[in-house]
Amino acid sequence: MKKKILLFISLIFLLILQLSKFYHQPCQGNRNLCFTTYVVKVIDGDTLETKNGIIRLSLVNAPEKNEEGFELAKEFVEKFCLKKEIFVDVDDFQVKDIYGRWVAKVYCNGINLNEELVKNGLAKVNKIFCENSEFAKESWTGCY
Ligand SMILES: [Ca+2]
């Protein structure tokens, strides 16, 4: 009997854990444009190579190679995302850029990568895209 109760309690905990994951990784807009994938390589602070193609972080602009802060931003992304399962919420208003890369908001280890890069001063918001982004209304973007 005790074992059954313990099992039941464990199941409830697992359920709460799963639900809290969903809470931190909401899918906004089109559910078909949200998926989990695996990060194969970090190209730079705002570009990830995954098993489902290359992802460009929506609204975020990290320093290019040979620009100041490039390594710092790249290392930050590697620390949280490299060789990990990530949750991808594609920007419904952009979906893919002219190079065929997904434009998205990404969650690594439950953290909103786009937001954390900007908050930590490792990347800037590219305000040119404010009018074309599903995520523009979020406070971290500073779009409005
Ligand atoms: Ca979306």
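**One face of helix H2 and the core around it**

In H2, the buried residues are Ala 73, Lys 74, Phe 76, Val 77, Phe 80 and Cys 81; a residue is called buried if 20 or more other C-beta atoms lie within 10 Å of its own, exposed if 12 or fewer, and partly exposed in between, with C-beta atoms placed from the backbone. These residues sit on the same side of H2, because they cover an arc of only 155° around the axis, taken from the directions from the helix axis to the C-beta atoms. An α-helix has 3.6 residues a turn, so residues three or four places apart point the same way. Glu 71 and Lys 79, on the other side of H2, are exposed.

The model is a predicted one, in which local features need pLDDT of at least 70 and side-chain atom pairs count only at pLDDT 80 or more, while totals for chains, interfaces and linings use all residues. Residue numbers start from 1 along each chain as its sequence is written.

H2 itself runs over residues 70-81, twelve in number, and reaches 16 Å from its first C-alpha to its last, close to the 16 Å expected at 1.5 Å a residue (the expected span being 1.5 Å times one less than the number of residues). After H2 comes Lys 83, with a positive phi near 55°. Helices (H or I, at least four residues) and strands (E, at least two) are DSSP runs, numbered from the N terminus; the protein has three helices and eight strands, in the order α-β-β-β-β-α-β-β-β-α-β along the sequence.

What lies over the buried face? The cover of the buried residues of H2 includes S1, S2 (47-50), S5 (85-90), S6 (102-108), S7 (111-112) and helix H3 (113-119). Cys 81 alone illustrates this packing: leaving out residues up to four places away in sequence, Cys 81 touches Val 39, Val 42, Leu 48, Ile 86, Cys 108 and Leu 113, contact being C-beta atoms, placed from the backbone, within 7 Å.

Cys 81 also belongs to the largest nonpolar core, where, of 31 residues, Cys 81, Val 106, Leu 113 and Leu 117 touch the most other members. Two or more residues of this core come from each of S1, S3 (53-57), H2, S5, S6 and H3, and S6 gives the largest share, six residues. Such a core is a set of buried Ala, Val, Leu, Ile, Met, Phe, Trp, Tyr and Cys residues joined through C-beta atoms within 7 Å.

Across the protein, buried residues make up 31% of the 144 residues.

Terms used: Two residues are in contact if their C-beta atoms, placed from the backbone, lie within 7 Å.
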